[in-house]
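This report examines selected local features of a predicted model. It considers cysteine pairing, one loop serine and its surroundings, and backbone geometry at several loop positions.

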Amino acid sequence: MGHQSAGAARTLAAAEDLDPALIGEVASGRAVRIGPELLSRIQQRCAAARAVLSGGAPVYGVNTGLGALAGVRLTETQQLSHQRNLLLARATGGPPWLDAADTRAVLAVRLRTFLSGDAGVSGELCQRLVDFLDAGIVPAVPRTGAGSAGEIIPLAHAFGPLAGIGRVLWPADETRPPGQTGPGGGTRPARDALREHGLDEFILGPKEGIALLAGVPGATALCLRRHAEVLALESRMEAAAALSITAAGAPRDPYLDACARGDEIQGQVLRRLRQAIGDAPGPGTAPGPGTAPEPGAAPEPATTPERDTAPERDTAPGPRAVQAPVSFRVAGPVLTHLLRSADGLASAISRALTGVTDSPAFLDGRFVGTAGFHGLDLSAHCDQLTAALTHACEVSAARIHRLLDPRVTGLPAQLAALPGPDTGLVTVHKRAIGETHALRRLAIPATTGLIETSGGQEDVQSFAWEAAEALRQSLAHAHVVTACELLVAYQAVALSGRPAPPGLRSVLGWLAGLVGPIAADRPFGEDIERLRHADWPAQ
């Protein structure tokens, strides 16, 4: 059964046509075709590379062993099977596997790097990658355990199936036969999938096995996918911050254009926040009846004898205090840093797609050993983005805590409809704290802690694959924290009685449709899960 294509197939006239946007579409199911002129150029480059190889000079991984065995010269007979053999013993990973979209992105990035001509592979191998994407064959690729200088372990799993090696995922729309889970979980032998789609096991030509294992196509693809997810999450984070600012009646001064002088990205963030929260009078506005007490004074009780009788709230539009807690005031810079970190990762992705990542690479008519497999650029920017997400979630959790405090908001304690008989949302904050604690562990840089392998030949790693996985996990935790803030801020706005700013009415309507009124305690984890997984409304 072929993969359901998302949109018409795109014909590639140059390697650059397979850009990050199109790779994202391919991950979601779109098909691509290699234009005839591009395919011809690839075949010409392959012929030139093979002519050089025929001269017999040592070329790493082609007529020599790999790693600590690089000094072993292979006979002509050994070379015939060597490229296929390279995909065997290096497939040492296991579940959990990448999902189908992530794996398709890996295949697409590998195709992009091959179309540059640096690998010296054949047009037939490039076409076979397209065949896999068309057929919806998804190799079983391990999410973790990439402890090599490059990505040889996951890439052996990703591309062994081309040659009938290893396992592939069962299609999501097919029922597995009884007893077919086997050692690979929800997988089946690659040979079976090839046979089902009328494909032969691909016979790898000179250098094609090592080319499949070279570079950082996996980390590049995973970073590309995570980058798009970060941008989508940041929109939710902005809305959550805006709701919290509104619910707390925080002064608007920190969000003025003047505060972003010299920083275009921050200026854009602050403008979006102002559009959401609207304008309000500056400090000094006469406080309403729900004004917070002086520091150290006990808050007035905010309870009512009847659950269906709402207490009087502060409906004054002005700020409740001269200065809001820091977590409210720094919303702009924190989100700006998240976006700036995402921009840094996008630049690293672009460099990985356009740079030389094959090794040995066929450049200027000869084979050259390179360091393109190291992936430090991607790894370091993943680390930075994970740290930025962690900090943003710590600030979000702090705002949640402040919203539960009557001294900050003038609202009922813990945002309970009836404090005392009801607990309110205090444990939603505890959930956010648990998720933030997990984020802190993931924020340990992947680029530190190098370990020697291959008898000292591979004595350095960048762990870019693992950095991308840490970013994926961080995004999952950050989504929960953001859902917690949206839920708490939604209840705070509802209890405040303040009119909703026009810029937040769409978000509040979306929240109301998912959460509804919170008139009493209930299992709030169900609300968090709905908010976490629901599609974000178009703004």
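## Local features of the predicted model

S122 is placed in the loop that joins α4 (100-115) to α5 (123-135). This serine is buried, its relative accessible area being 3%. Its side chain forms a polar contact with the side chain of E208, at 2.6 Å. When neighbours within four places in sequence are left aside, the residues in contact with S122 are I42, Q43, C46, R50, F202 and E208. E208 thus appears both as the polar partner of the S122 side chain and in the list of contacts.

The cysteines can be considered next. How many disulfides does the model contain? The count is zero. A disulfide requires two cysteine sulfur atoms within 2.5 Å. For C223, the closest cysteine sulfur belongs to C382 and lies 3.2 Å away, so the pair is too far apart for a bond. For C484, the closest cysteine sulfur is that of C393, at 9.8 Å, and this pair is likewise too far apart for a bond. C223 is buried, with a relative accessible area of 0%, and C484 also counts as buried, at 0% relative accessibility.

Backbone geometry offers further points of interest. Two cis peptide bonds and two positive phi values are listed below.

| Site | Backbone feature | Value |
|---|---|---|
| P95 to P96 | cis peptide bond | omega near 5 degrees |
| S359 to P360 | cis peptide bond | omega near -5 degrees |
| D364 | positive phi | phi near 55 degrees |
| L415 | positive phi | phi near 55 degrees |

P96 is found in the loop between α3 (76-85) and α4. P360, which follows S359 across a cis bond, sits in the loop between α12 (331-354) and β5 (361-363). D364 occupies the loop between β5 and β6 (366-368). The strand β5 therefore borders both of these loops, because P360 lies in the loop between α12 and β5 and D364 in the loop between β5 and β6.

Is D364 buried or exposed? At 81% relative accessibility, D364 counts as exposed. L415 lies in the loop between α14 (406-409) and α15 (426-442) and, with a relative accessibility of 0%, counts as buried. Both D364 and L415 are residues other than glycine, and each has a phi near 55 degrees. In terms of accessibility, D364 is exposed, whereas L415 is buried.

Definitions and conventions:
Residues numbered from 1 in each chain as written. Predicted model: local features only at pLDDT ≥ 70, side-chain atom pairs only at ≥ 80, totals over all residues. Heavy atoms only, no water. Buried < 20%, exposed > 50% of the residue type's maximum accessible area, 1.4 Å probe, protein only. Helix = DSSP H or I, 4+ residues; strand = E, 2+ residues; numbered from the N terminus. Polar contact = N/O pair within 3.5 Å; in protein donor to acceptor, adjacent residues only side chain to side chain. Contact = heavy atoms within 4.5 Å.
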